[in-house]
Amino acid sequence: MLTLPEVEALARAAHEGQTDKAGRPYAEHLAAVAEGVRTRGGTQEQIAAAWLHDAVEDGAVPEEWLEGAELTDSVKEMVRALSKRPGENLPAYTARILSTPGALLVKEADLAHNADPARLAALDEPTRTRLTRKYATTRALLGLPDPHGPLA
């Protein structure tokens, strides 16, 4: 099985050269989500899933790679659950997360970082508004409180 440092290195390499919507290196988001999972009391498997949570969805690694990766079935299932599928609606996506052991905590950390006011402030107003609403809707479907207060 891959160790946590190996998973981190693999995720950083897979997302090399990618940036987030604000132009920051994508690995910063992965590190923040992994740290968010750790500080929320997540397991080593959940931290590994945090490092890989966007790898399949963003095309950084193919689904076939995940199948053969030296990861526990639990990590693979969380990564699959957290990977939104093309054309999938938000209720189906969130239902899959809720039905997959361990995935909710990873998504909670992901949403917390995505919705961080300092991170959102770097975006243009239409994008910031759209994403703020999207994240609030996702949190509501998952039964998670808004860590940054009510939607304005």
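Is D146 buried, exposed or partly exposed? Select D146 in this predicted model, and look in the segment after α9, where that residue has its place. With a relative accessible area of 27%, D146 is partly exposed, because partly exposed covers the range between the 20% limit for buried and the 50% limit for exposed. If you add V7 to the selection, you will have two residues that are 139 apart along the chain, and their C-alpha atoms are separated by 29 Å.

**Helix α1**

Go next to P5, which is found in helix α1, a helix that runs over residues 4–14. P5 counts as exposed, since its relative accessibility is 58% and the limit for exposed is over 50%. Keep P5 selected and add A48, a residue 43 places away in sequence, and you will find the two C-alpha atoms 9.0 Å apart in space.

**Helix α2**

Now select residues 26–39, which make up helix α2; the helix has 14 residues and reaches 20 Å from its first C-alpha to its last, close to the 20 Å expected at 1.5 Å a residue. Colour the buried residues of α2, which are Y26, A27, H29, L30, V33, A34, G36 and V37. An α-helix has 3.6 residues a turn, so residues three or four places apart point the same way. To see what covers the buried residues of α2, show the helices around them, including α1, α3 (44–52), α7 (103–114) and α8 (117–120). Just after α2, stop at G41, which takes a positive phi of about 85°.

Return to Y26, which lies in helix α2 and is buried, because its relative accessible area of 12% is under the 20% limit. Leaving aside the neighbours of Y26 within four places in sequence, the residues in contact with Y26 are H15, Q18, T19, D20, D54 and D58. For a longer view across the model, add P126, which is 100 residues from Y26 along the chain, with 21 Å between the two C-alpha atoms.

**From α2 to α7**

Which side chain does the side chain of D110 meet in a polar contact? Select D110, which is found in helix α7, and show H29 with it, for the side chains of D110 and H29 make a polar contact at 2.8 Å. D110 counts as buried, since its relative accessibility is 4% and buried means under 20%. Once its neighbours within four places in sequence are left aside, D110 is in contact with H29, V33 and H53.

**The largest pocket**

Turn on a surface view and look for the largest pocket, which holds about 490 Å³ of space. Of the 25 residues that line this pocket, the closest to its centre are K21, Y26, N114, K134 and Y135, so that Y26, already visited as a buried residue of α2, comes into view again. Helices α2, α6 (90–98), α7, α8 and α9 (125–142) each supply at least two residues of the lining. If you colour the lining by class, you should find 10 nonpolar, five polar and 10 charged residues.

**Helix α5**

Select residues 73–82 for helix α5, which is mostly covered, with seven of its 10 residues buried. The buried residues are V75, K76, M78, V79, R80, A81 and L82, and they pack against α3, α4 (63–68), α6 and α7.

**Helix α6 and the end of α9**

Where does the tour end, and which residues does T94 touch, not counting residues up to four places away in sequence? Select T94, whose place is in helix α6, and then T138, L141 and L142, the residues that T94 touches. T94 and L142 are 48 residues apart in sequence, while their C-alpha atoms are 6.2 Å apart in space. T94 counts as buried, because its relative accessibility is 2% and the limit for buried is under 20%. Finally, show the backbone oxygen of P91, which the side chain of T94 reaches at 3.2 Å.

Conventions: Residues numbered from 1 in each chain as written. Predicted model: local features only at pLDDT ≥ 70, side-chain atom pairs only at ≥ 80, totals over all residues. Heavy atoms only, no water. Helix = DSSP H or I, 4+ residues; strand = E, 2+ residues; numbered from the N terminus. Buried < 20%, exposed > 50% of the residue type's maximum accessible area, 1.4 Å probe, protein only. Expected span 1.5 Å × (residues − 1). Contact = heavy atoms within 4.5 Å. Polar contact = N/O pair within 3.5 Å; in protein donor to acceptor, adjacent residues only side chain to side chain. 1 Å grid on protein atoms, 1.4 Å probe; cavity = no way out; pocket = protein on both sides within 12 Å on 5 of 7 lines; lining within 4 Å. Points joined across faces, edges and corners; volume = space filled by probe spheres on them. Nonpolar A, V, L, I, M, F, W, Y, C, P; charged D, E, K, R; others polar.
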